[in-house]
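Please look through the sequence and the model below before reading on. The paragraphs that follow start from a single residue and then widen to the packing of the chain.

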Amino acid sequence: MSIQTKSNRDYSAFEADLSGAILNTRLLIRLLKWMRPYWFTLTVSFVLVCVSSFFAIVLLLISSILVIDHILQREVNVIVPDFGLINLTEGLAHSTGFSQLFVACVLYAVAQLVWAVAVHYHRVTLTHAVVNGLRDLRRDLFQHLETRPASFYDNVAVGRVMTRVTNDIEALYELLRGLGSLIGEFLPFCFALVVMLRINLEMSLVLLVYLPLLAVITVIFRRYTRRLFRLVRQSVSALNQNLQENLNGLQVVQISGREDFNYRRYQRINANNLGFETRSMRHETIYTSFNENIASMAIGVILWFAGGKVLQEVITLGGLILFTRFIDMLFHPIVVLGEQINILFRAMASGERIFQALDWDESLHEPENPVTLPERLKGQIEFRNLEFAYREEPVLKGVSLTIQPGENLAIVGTTGSGKSTLIRLLNRFYDVPDGCIFLDGIDINDIRSKDLRQRIGVVLQDFHIFSGSIHDNITLGDSSLTRATVIAASQYVNADQFIEALPDGYDTQLSERGQNLSQGQRQLLAFARVLAANPEILVLDEATANIDTESELLIQDAMEVLTTTRTSIIIAHRLQTIQNSDRVLVLDHGRIAELGTHDELLQAKGIYHTLHNFQFRQDSIDSDSR
């Protein structure tokens, strides 16, 4: 039976399949799932924006209709709706003895204060709801990406995945904040439009003629820049991918002297991004300037048209001033919408990318009715006619093997022979067909992958250190592991010597990737981590490949004790480390070429004999050169 990880999935769609719509209603509806827990806060924010919009109109009415027309001009036939401001001013002036002008100024100050407070808390509550909702979305996205199988990351660059969790989430923040701001702009627009129609229908229609013009310009701008803003996002993603790749391989870059080459390559990608960003800013600036000029032209038209109406006493002077002030309320939302076009495009594209990642359902097949494993396994492992291919070319071809409980099996072979693949399949990093791998007679496909991996301890050649203390790196967040267990495990593998020599011992904070530890110390820490978990099966994948002789001796002492109490699989190029193994498996091009003890394979004079003699001669040459 065989299986291939390559499927019909189009991984390029993970980056490129974007519609570029300015407002994707389906996306916004999906976003409501994460905003729903904060509906009360959003409701409060909406009420506050309604309050601020109302008082924005009140402020204009006080300064124009109340003060200019009623108090200064003493107009008695004011046709503009004043929301009872005139009667309120007259009543307060009569009851307090203050002048109407003084009362009007006090009302203006109160209205200004209420408006400012409402605007402030509208922004605060809106931001609070948006930040919390996107925090939950980022958490769910991170959790989803953590559970994607190895085959997913074989085909998708990590830098592009990181862009979704960082830049794209931030773009959604700008989207939701922008939509909240637009609501705050368009509510005063609606209030102003109602009042304008009440003042003078003709002048209102003159102004409304400009709105279709602005709408047409906005549509043209959106269509022209649709592809451009998508290219901006893709160029940012390419920048992140290149940066992540170079920083991860920084030591190789410095050793090989590639700094200038990598700098020139990054400069080309950066220049490409700069070109797209510059073009987008240039178009946005032209669009904004055009809108502002349209608003200025509208003011000029109103002053000319309404001036005659004032002289004819059709409208009041305060009504004219109110009209000119309303122009800003009428046109500013359109200008703001134009300024938000860039953000909306980027945010919608980012939202599509985020949900594309969330909808990516590639995963390991978990059993519907998983087997409950006993408290301790015996540790028998069986491979039955196992075949596997990452893509088209098979890596494992009909591998059949039984590893007995407590047995120490070594696996050797040339690069690409399938050694590490065998271990990855045992840990279910990839799906395998039913009936191919068994643990104590149980098909591993009937075991939850999480339960399976808790029973298999793996020490890799490239041991990963997380930021945090040494104690945290050994327990990996497992609260059941006590301090005493951590110390005992460290002592068992000879890691306690260097740990206790550190300034803070087990509480010593490790830098990124454990750069303040030597390679040998990191490997000893890896052994302590695995031993503290106390798995029934131990896998060492080139665990002693890149360490010094002194550390290797310490590790070999620990290995000798560890492998006598549990089933062990040791993958090694250095054959000296496996001579005491119970059996040695030789893989060649994905097939079992030889299987037996160290002495049996040497006597057979096959592949193992050739590898052993070659390595022995190489070690002698290295020793003589030193």
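Ile-442 touches Val-371, Leu-373, Ile-437 and Ile-447, where residues up to four places away in sequence are not counted and a contact means heavy atoms within 4.5 Å. Of these partners, Val-371 lies 71 residues from Ile-442 in sequence, while the two are 8.2 Å apart in space from C-alpha to C-alpha. Ile-442 is placed in strand β6, residues 442–443, strands being DSSP runs of E with at least two residues and helices runs of H or I with at least four, numbered from the N terminus. Because its relative accessibility is 19%, Ile-442 counts as buried, a term that means under 20% relative accessible area, with exposed over 50% and partly exposed in between (1.4 Å probe, protein chains only).

The model is predicted, so that local features need pLDDT of at least 70 and side-chain atom pairs count only at pLDDT 80 or more, whereas totals for chains, interfaces and linings use all residues. Residues are numbered from 1 along each chain as its sequence is written, and side-chain values use heavy atoms, with hydrogens and water left out.

Taken as a whole, the chain has 21 helices and 13 strands, and 48% of its 626 residues count as buried. Among contacts in the chain with a separation of 6 or more, 78% join residues 24 or more positions apart.

The largest nonpolar core (a set of buried Ala, Val, Leu, Ile, Met, Phe, Trp, Tyr and Cys residues joined through side-chain atoms within 4.5 Å) has 41 residues, and those with the most contacts inside it are Ile-62, Leu-207, Leu-322, Phe-326 and Phe-331. Its largest share, 11 residues, comes from α3. Domain 1 (25–200 + 340–363) and domain 2 (201–314) both give residues to this core, so it lies between them; the domain bounds come from an automatic or database domain assignment. Ile-62 touches Val-67, Leu-85, Ala-104, Leu-107, Tyr-108 and Ala-111, again without counting residues up to four places away in sequence. A second, separate core of 37 residues includes Val-412, Val-459, Ile-470 and Ala-528.

Finally, there is a helix pair to consider. The axes of α4 and α5 come within 9 Å and cross at roughly 120 degrees, where axes are lines fitted to C-alpha atoms, for helices over the stretch in contact, and angles run from 0 to 180 degrees between N-to-C directions. The contact involves Leu-88, Thr-89, Glu-90, Leu-92, Ala-93 and Thr-96 of α4, which meet Gln-100, Val-103, Ala-104 and Leu-107 of α5.
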